[in-house]
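Let's take a walk through this model together, one region at a time. Keep the viewer open and follow along.

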Amino acid sequence: MVQSQEELSLEAIFNSSRYRSEYQSPVFWISKGDAYITIATSANGEKQLIKHKSKNDDTSVFLSSEALTPSGATRAIDVEAFSLSDDQTKVLIFTNSSKVWRSNTKGDYWVYDFKQSKLSQIGKEFPASSLMFAKFSSDNLKVAYVHDFDVYTENLSTGEIQQLTVDGSTTHINGTFDWVYEEEFGMRDGFSWSPDDQRIAFWQLDASHTGTFYMINNTDSVYSKPIPIQYPKVGQPPSKTKVGIINITDGAIHWIPVPGDPVQHYLPGMQWVNEDLLLIQQLNRKQNQLIVYSYQVDSGKLEKVYTEKHSAWVDLRYPDASSNQWDGNDLLLTDSNSAFLRMTETGDWRHVYKINIVTGEKTLLTPGDYDVATIYALSDRDLYFSASPNNATQRYLYSVPLSGKGKLKRITPESFRGINTYKISPNGKYAIHKHTNTETPTTSRLVRLPGHQSVTTLVSNEHLKGELAKLQLPTTSFFKVTTSEGIQVDGRITKPVNFDPAKKYPIVFNVYGEPWGQLATDSWIGMFDVYLASKGFVIIKMDNRGTPSLKGSDWRKSIYKKVGVINTRDQALAAEEVLEWPFVDKERISVWGWSGGGSMTLNLMFKYPELYQTGISIAPVSNQLLYNNVYQERYMGLSKDNMEDYIAGSPATYAENLQGDLLLIHGTGDDNVHYQNAEHLINELIRSNKQFDMMSYPNRSHGIYEGKNTSLHLYTLISNYLLEHNK
C-alpha cells in the first residue's frame with residue numbers, strides 16, 4: 001500500500017526512528033591506512049573495538065567487551081573514543097565524558113595493555129570525568145593529559161604523576177583553550193609531545209581580562225542561578241596567548257618569543273616538524289595577516305617562514321560543505337617534512353601552495369580558474385582535495401601532482417552527482433567516501449584510491465530509503481537568477497507533489513547568508529523540507545555574496561565590513577526576481593533562518609517589508625556588537641575603526657520598519673549567540689510600538705535541542721506559524 005503524503009507528521013520525523021538517518025561511526029586508521037578500527041556494539045549490548053582490513057574489509061575483534069570490563073565490574077566501559085600507541089600494543093580509551101562548551105572533552109581515561117592483557121585507569125586519583133586530551137608518548141611509557149587547566153604526565157609502569165604546570169585556573173588556561181578559541185578557531189586540544197618525547201609544547205591563555213557573561217538558569221531551583229562564561233565581545237581584548245615548551249626531564253618551561261603584542265595577536269596553530277623544530281601560526285587582531293614562524297628549540301632561533309596578507313581577512317580553515325571545521329589548524333607537511341601546504345586566496349581563486357620551510361619558496365600546486373574547497377590528504381605523489389570547477393552547488397575529489405607539474409584529475413566517478421566528502425588514509429590508498437544529493441540521504445563506502453573502486457558499503461540508509469519510498473516526495477531542482485545589480489545567485493527550489501505551474505503557491509525562503517554556510521547545495525533536502533512541501537509550500541534556498549560558494553575570492557570577500565548589508569541586499573533583490581515567476585503568490589511570502597540566518601531574516605523583514613509578509617528568526621545576532629570578537633571582527637574590522645558599519649549591519653537598527661508578522665525564537669542558555677540579543681531587539685521593537693510573537697526556550701543552547709520533545713515543539717511552532725500566516 002502506498003502511503004499518502006498527508007500521513008507524514010512531525011511526530012514521526014522528530015519523535016521516532018522512522019525517518020532517522022544512519023551515520024557512519026568514526027573511523028580510526030591504523031598501519032598507515034592498511035586497516036582501520038571502529039567502535040561497535042557487541043551481541044550483549046556492550047562496546048567493543050573492531051578491526052577492518054582495508055583491502056577487503058575483513059573484520060576481527062580488536063578489543064572485546066570482556067577485555068574492556070574493569071576488574072570487579074559487571075559491564076564493559078562505554079568507549080566514546082580511543083587512540084593507539086605507535087606500536088599498537090596499548091589502547092587509550094576515553095569514557096564517562098562531560099561537556100565543555102559545545103563538546104564532551106572531559107572524561108575518564110583507561111589504558112589496555114595487550115602484552116599484559118591488562119585494563120587500568122589513569123589519573124584515578126583525580127575526580128571522575130575530569131581529564132582532557134590524554135595521549136601516549138611515542139615510546140609508550142607515559143601518558144600526558146590536562147586536569148583543571150594544568151598539564152600532567154603519568155608513568156604507565158609506576159603510576160607516578162608529574163604535574164608540569166602549576167598555575168592553571170579558569171583564568172590561566174594551560175593545555176586547552178577558552179570559549180572563543182574553540183568556537184572560532186576550532187581549537188580544543190592545546191598540547192603535544194615532541195617526536196622524541198623529551199618535551200611537550202603547549203598553549204597558555206591568560207583570560208583574566210576577558211569579560212564574563214552571565215546566563216541565567218531560572219528553572220532548576222526556586223532561586224535563579226547565574227551561569228558564567230568567559231566571552232570576549234566585539235571590541236574587547238582577546239585572551240593573552242603564548243606557547244611554551246616543557247622539558248620533561250627537569251620540568252623547566254621556556255616561552256617562545258613570538259613577536260608582537262600577545263593580546264593583539266592570536267596563535268591558532270602550533271605543531272612539531274621534528275624533535276627540534278616547531279611551526280607556529282600567528283594572526284593579527286584584524287585577522288588580515290598570517291605569519292608562519294619556524295622555531296628551533298635547541299638554538300632558540302625564530303624565523304619568519306611565510307607571510308600572507310589580504311585587504312579583507314585571512315582564513316585558517318576555509319568553511320565549506322566538504323570540510324570539517326574541527327580537524328585542527330595543523331599545516332599538512334610534505335617532502336619529508338621540509339615543506340608545508342597552505343591554501344590561500346590572495347588571487348582571484350583559492351589555491352594550494354607548497355612552502356619550503358627553510359627558504360620560504362612557494363610552488364603553486366593547483367593552477368587554473370577554479371576554487372579549491374578543502375585539502376584532504378597526500379599520497380606519495382599527489383595531493384587530494386575537494387573542488388567543483390563547473391558547479392558551485394556540488395563537491396568532488398580531485399588530485400594534482402605534488403611536483404606542481406601536472407594536470408587536474410577528477411577522482412570521484414560521474415555516477416556520484418552531488419556533495420562528496422572523504423576521510424583519506426595516511427598512505428593515500430584508501431578513503432571513507434560519503435555521498436549525498438537532493439534525492440539521496442548520505443551513504444558511505446570504503447574505496448581504493450586513486451581508482452575509486454568500492455571495497456564495501458558502510459552505510460546505505462536502506463531503512464530511511466524504504467520509508468521514503470512509501471511517501472510521495474517533492475521535487476527539487478536548481479536555478480540561477482540575476483539581480484537588478486547584475487549579481488548571479490544560485491538557488492535551490494523544492495516544489496510540492498503534483499506541482500501545477502498554473503496555480504499560485506506560498507513561498508518559504510530559508511536563509512543563512514554569512515561566510516560560514518552555503519544552503520543551495522546538491523545534498524539531501526531533509527525531512528522538514530519534505531514536510532513543508534507536503535503542506536503546499538514551495539521552499540527556496542539562495543546563496544548570496546559572502547557565502548562560501550566556489551565562485552571566486554571576490555564573491556566570498558565582498559562581504560567584508562558589509563555583513564548584514566550586501567548579503568541582505570543580494571537576498572532581497574534575488575527574491576524580487578523569484579517573485580516575478582507566475583506560480584508565486586506575492587501575498588504569501590515567508591522567510592526563516594537560524595543564527596546568521598536569523599539575523600538575515602530580521603534584516604529582510606525590516607529593510608524590505610514590501611517583499612516579505614512573515615518571518616521566523618531563530619537565535620539571531622540582533623546587534624553585531626553583542627557577538628564574539630574573533631568572528632565579528634574577522635568579517636567587519638575593528639569597531640573602533642568603523643563603528644558605522646556595525647550599526648548599518650545590525651538588524652536592531654531597523655526594527656522600527658517592521659510591518660509583517662514576526663516570530664522571534666531564542667534559547668535562554670545560548671552560550672554562542674546570547675539571549676541578550678533577543679532582549680535587545682525586543683526593547684527596540686517595543687520602543688517602536690511594533691507587535692510581534694516570541695518563544696523563549698529555557699536553558700536551551702544555540703541548537704535548541706535539549707530536553708524531551710524540544711525539537712518536536714520547535715518545528716511544530718515553526719510550521720504552525722507558517723501555516724497560520726499563509727492561509
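Two strands count as paired when DSSP finds at least two bridges between them. With that in hand, turn to strand S21 (residues 277-284) and strand S22 (residues 289-296): the two run antiparallel and are joined by 7 bridges. Please keep in mind that this is a predicted model.

One of the contacts between these strands is easy to pick out: Leu283 has Leu290 in S22 as its bridge partner. The connection between S21 and S22 is a hairpin with 4 residues between the strands, and within this hairpin Gln287 takes a positive phi near 60°.

Now look at the other neighbour of S21. Strand S20 (residues 265-274) pairs with S21 in the antiparallel sense, over 7 bridges. Here Trp272 has Leu278 in S21 as its bridge partner. A hairpin makes this connection as well, with 2 residues leading from S20 to S21.

With strands S20 and S22 placed, is S21 mostly covered or mostly open? The strand is mostly covered, with 8 of its 8 residues buried. Burial here means under 20% relative accessible area. Both faces take part: Leu277, Leu279, Gln281 and Leu283 are buried on one side, and Leu278, Ile280, Gln282 and Asn284 are buried on the other. You may like to note that Leu278, the partner of Trp272, and Leu283, the partner of Leu290, lie on opposite sides of S21 in this list.

Next, move towards the start of the chain. Here 4 strands form an open sheet in the order S1-S2-S3-S4, with antiparallel pairing. Its edges are strand S1 (28-30) and strand S4 (59-63), each of which pairs on one side only. On average, neighbouring strands of this sheet are turned by 40° against each other, direction ignored.

Let's zoom in on one edge of the sheet. Strand S3 (residues 47-53) pairs with S4 in the antiparallel sense over 4 bridges. Following the pair along, you will find Ile50 with Val61 as its bridge partner in S4, and His52 standing opposite Thr59 in S4. The hairpin of S3 and S4 has 5 residues between the strands, and Asp57 in this hairpin takes a positive phi near 60°.

From backbone pairing we can go on to charged side chains. How many salt bridges does the model hold? The count comes to 33. Three of them are worth a visit here.

Start with Asp113 and Lys90, whose closest N and O atoms are 4.0 Å apart. Asp113 belongs to strand S7 (residues 103-113) and Lys90 to strand S6 (residues 90-100), so this salt bridge ties together parts that are 23 residues apart in sequence. Both Asp113 and Lys90 are buried.

The next one joins Asp522 to Arg417, with 2.7 Å between the closest N and O atoms. This pair links distant parts of the chain, 105 residues apart: Asp522 sits in the loop between strand S38 (505-511) and helix H4 (527-534), and Arg417 in the loop between strand S31 (409-410) and strand S32 (419-424). Asp522 counts as buried because its relative accessibility is 1%, while Arg417, at 33%, counts as partly exposed.

For a local example, go to helix H10 (residues 676-687), where Arg687 and Glu684 lie 3 residues apart, about one turn of the helix. Their side chains meet in a salt bridge of 2.4 Å, N to O. Arg687 has a relative accessibility of 59% and so counts as exposed, whereas Glu684, with a relative accessible area of 22%, is partly exposed. Elsewhere, salt bridges that share partners join Asp315, Glu345, Arg350, Asp371, Arg556 and Lys557 into one network.

Our last stop is an open space. The second largest pocket holds about 410 Å³. It is lined by 20 residues, and those closest to its centre are Lys118, Ser120, Asn155, Leu156 and Ser157. S7, strand S8 (118-122) and strand S11 (150-155) are the elements that give two or more residues to this lining. Which element gives the most? That is S8, with 4 residues. By class, the lining has 5 nonpolar, 9 polar and 6 charged residues.

Notes
Residues are numbered from 1 along each chain as its sequence is written. This is a predicted model: local features need pLDDT of at least 70, side-chain atom pairs count only at pLDDT 80 or more; totals for chains, interfaces and linings use all residues. Side-chain values use heavy atoms; hydrogens and water are left out. Axes are lines fitted to C-alpha atoms, for helices over the stretch in contact, and angles run from 0 to 180 degrees between N-to-C directions. Buried means under 20% relative accessible area, exposed over 50%, partly exposed in between (1.4 Å probe, protein chains only). On a 1 Å grid over the protein atoms alone, a cavity is a set of points where a 1.4 Å probe fits but cannot get out, and a pocket is an open set with protein on both sides within 12 Å along at least five of seven lines; lining residues have an atom within 4 Å of a point. Grid points are joined across faces, edges and corners, and a volume is the space filled by probe spheres set on the points. Ala, Val, Leu, Ile, Met, Phe, Trp, Tyr, Cys and Pro count as nonpolar, Asp, Glu, Lys and Arg as charged, and the others, Gly among them, as polar.
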